[in-house]
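Trainee: I am new to this structure and should be grateful for a close look at a single part. Could you describe the surroundings of the ligand?

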Amino acid sequence: MRGVEQIPWLYDAMFRVFDAAGVRRWRDALIAKARGRTLEIGCGTGRNLPRYTSAAIGVDPSVDALRAAKKRSPATPMVCASVESLPFRDGAFDTVVSSLVFCSVRDVPRGLGELRRVLAPGGAVRFFEHVRARRPWAGRLQDWLQPAWTWVAGGCHPNRDTERAVREAGFELTLELRESNWRLFEARPR
Ligand SMILES: C[S@@+](CC[C@H](N)C(=O)[O-])C[C@H]1O[C@@H](n2cnc3c(N)ncnc32)[C@H](O)[C@@H]1O
């Protein structure tokens, strides 16, 4: 069963609305500080890709999503891969971007380990993610909703504490934007 993340036309129809309703502002802030050799993991249908001013590569495990991304950004190289196993050499990128991806990654510590590995010295990972609610009752509600949510969305977990996972993977975080359960932060290896 494919969820929304694996159905490009549906994902794009939804995010056309979400982007217009405010998500585009987060995308702009996310990309504004990307510099040098840039990798976007989980690029999906490529909604960020045409906006990079630096040389970017898009990676996603969904071939259908990558096809849509290639239409949107024909000049961007695309690679079919998961963040848990990136086909790039150590230290290959100055910036890695994760835009609404770590809610869906199966093996979060392994994925974060791969980000560390492909990051060049002095490089940074830029994250735009929705995260676990801070209020205990709201977090419990997310836990309750998670199985149905993950099924419909095609892998997304609403209750992930991604900031904590990134810290535990040995990164130092700088929070740039925070609103409700949405976060924009930059992470550098400690
Ligand atoms: C919510 S979509 C975000 C798409 C795009 N980054 C955006 O901002 O619109 C999540 C994307 O993460 C991808 N994804 C899921 N698991 C992944 C993994 N283990 N490694 C890399 N990408 C993954 C999905 O295929 C999907 O395209």
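Mentor: A nitrogen atom of the ligand lies 2.9 Å from a polar backbone atom of V83, which places the two in polar contact (N or O atoms within 3.5 Å). The model is predicted, so local features need pLDDT of at least 70 and side-chain atom pairs pLDDT 80 or more, while totals for chains, interfaces and linings use all residues. Residues are numbered from 1 along each chain as its sequence is written, and side-chain values use heavy atoms, without hydrogens or water.

Oxygen atoms of the ligand also have polar partners: one is 2.7 Å from a side-chain N or O atom of D60, and a polar side-chain atom of S99 is 2.7 Å from an oxygen atom of the ligand. The protein covers 93% of the 590 Å² of accessible area that the ligand has on its own (Shrake-Rupley method, 1.4 Å probe).

The ligand is surrounded by 18 residues, each with a heavy atom within 4 Å. D60 and S99 are among the closest, together with Y11, R27 and G42. By class, this shell holds 7 nonpolar, 6 polar and 5 charged residues.

The ligand takes up space that is the largest pocket, with about 1,200 Å³. Its lining comprises 50 residues, and E5, L100, C103, S104 and C156 lie nearest the centre. Helix α1 (8–32) supplies at least two lining residues, as do β1 (38–41), β2 (56–60) and α4 (136–153); the largest share, 7 residues, comes from α1. In the lining, 25 residues are nonpolar, 18 polar and 7 charged.

Note on methods
Polar contact = N/O pair within 3.5 Å; in protein donor to acceptor, adjacent residues only side chain to side chain. 1 Å grid on protein atoms, 1.4 Å probe; cavity = no way out; pocket = protein on both sides within 12 Å on 5 of 7 lines; lining within 4 Å. Sits in = over half its atoms within 2 Å of the grid points. Nonpolar A, V, L, I, M, F, W, Y, C, P; charged D, E, K, R; others polar. Points joined across faces, edges and corners; volume = space filled by probe spheres on them. Helix = DSSP H or I, 4+ residues; strand = E, 2+ residues; numbered from the N terminus.
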